[in-house]
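Let's take a walk through this structure together, one stop at a time. Keep the 3D view open and follow along.

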Amino acid sequence: MKSLSPPCVLAVLVSGNGSNLQSIINSIESGVLNARIACVISNNPGAYALTRAKSHGVPCIVLENSGYKGRKEYDAALVEILRGYGVELVVLAGYMKILSDVMITAFPNAIMNIHPALLPAFPGLHAQQQALAYGVKFTGCTVHLVDCGTDTGPIIQQAIVPVMQDDTEESLSARIQVEEHRIFPEAIRLFVERKLVFSGRCVLIKG
Ligand code: GRF
């Protein structure tokens, strides 16, 4: 049954391929997720994610890093755009820029990121390669709230992926992405349905 409440207004920030953006669009279009993507914003004009968004009629904005003096100035412009669209939840889907406190304070408990490891293990870049180099037998992915650190915010959802002995960074990344595409729309759905309760570092799920 379709929800009677108005769709939650999302903005999705991207820098690359946009397969996670695609999984969110698919969840909305199939009626699983009661949300509307007001805009997709990229710091990379060549991001394939922009092509995906346009093909689904989602407005796209490119904000290039070079147009701004630093992260704070960039983020101030970002906040103005997001406010203009009435955005309720900011989704970082492969967005390769660290947010400044300007963004974090503008959207408290309302910025989500997906990371390709089981945080707090392997934060930062090349998380899959870090997992292979460390020799862990299991890794996975994490959806978390964004705070001022790098991949340090409260954890919302995680999924476990076994590491195979012959895995490469590519093969492991591909299996992690299958799980990303499952748990990211699910975490967004929990937010949209107001089922997340924020309690310090812990995020509880109602029901
Ligand atoms: C994903 O692996 C995500 O975990 C990381 O960046 C990648 C983005 O992939 N933050 P895509 O652009 O959504 O395909």
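Asn-109 sits in the loop between helix H4 (101-106) and E5; helices (H or I, at least four residues) and strands (E, at least two) are DSSP runs, numbered from the N terminus. Its relative accessibility is 40%, so Asn-109 counts as partly exposed. On that scale, buried means under 20% relative accessible area, exposed means over 50%, and partly exposed is in between (1.4 Å probe, protein chains only). The backbone is worth a look here too: phi of Asn-109 is positive, near 55 degrees, in a residue other than glycine. Most residues other than glycine have a negative phi, and most peptide bonds are trans.

Before going on, a word on what you're looking at: this is a predicted model, where local features need pLDDT of at least 70 and side-chain atom pairs count only at pLDDT 80 or more, while totals for chains, interfaces and linings use all residues. Residues are numbered from 1 along each chain as its sequence is written, and side-chain values use heavy atoms, with hydrogens and water left out.

Now for other backbone spots like that one. Arg-194 also has a positive phi near 55 degrees, again in a residue other than glycine. You'll find Arg-194 in the loop between H6 and strand E8 (196-199), and it is exposed, with a relative accessible area of 64%. For a peptide bond of note, go to the loop between E5 and H5, where Pro-120 is found. The bond from Leu-119 to Pro-120 is cis, with omega near 10 degrees.

Step back and take in the whole chain. It is divided into domain 1 (1-107) and domain 2 (113-207), with bounds that come from an automatic or database domain assignment. The C-alpha centres of domain 1 and domain 2 lie 19 Å apart. Their contact takes 21 residues from domain 1 and 16 residues from domain 2, where contact means heavy atoms within 4.5 Å.

Next stop: helix H1. How many of the eleven residues of H1 are buried? Nine are, so H1 is largely enclosed by the rest of the structure. Among the buried residues of H1 are Leu-21, Ile-24, Ile-25 and Ile-28. What covers the buried residues includes strand E1 (8-14), strand E2 (35-42), helix H2 (48-55), strand E4 (89-92), strand E5 (111-115) and H6. Ser-27, found in H1, is a good example: it is buried, with a relative accessible area of 13%. Not counting residues up to four places away in sequence, Ser-27 touches Val-32, Leu-33 and Pro-185. Once H1 is over, Gly-31 follows with a positive phi, near 85 degrees.

Let's see how the helices pack. Two packed helices are described by the angle between their axes and the distance between the axes. Here, axes are lines fitted to C-alpha atoms, for helices over the stretch in contact, and angles run from 0 to 180 degrees between N-to-C directions.

Start with H1 (residues 19-29) and H6 (residues 169-192), which pack at an angle of about 50 degrees with their axes 9 Å apart. That makes H1 oblique to H6; angles under 35 degrees count as roughly parallel, over 145 as roughly antiparallel, 65 to 115 as roughly perpendicular and the rest as oblique. The crossing of H1 and H6 is right-handed, meaning the near helix is turned clockwise from the far one by less than a right angle, while anticlockwise would be left-handed. Where they meet, H1 brings residues including Ser-23 and Ile-24, and H6 brings residues including His-181 and Phe-184.

H1 has another partner in H2. Their axes come within 9 Å and cross at roughly 20 degrees, and H1 and H2 are therefore roughly parallel to each other. This contact is made by Ser-19, Leu-21, Gln-22 and Ile-25 of H1 and Ala-49, Arg-52 and Ala-53 of H2.

Finally, turn to helix H5 (residues 127-134), whose axis comes within 9 Å of that of H6, crossing at roughly 115 degrees. H5 passes H6 in a right-handed crossing. Gln-128, Gln-129 and Leu-132 of H5 make the contact with Glu-169, Leu-172, Ser-173 and Ile-176 of H6.
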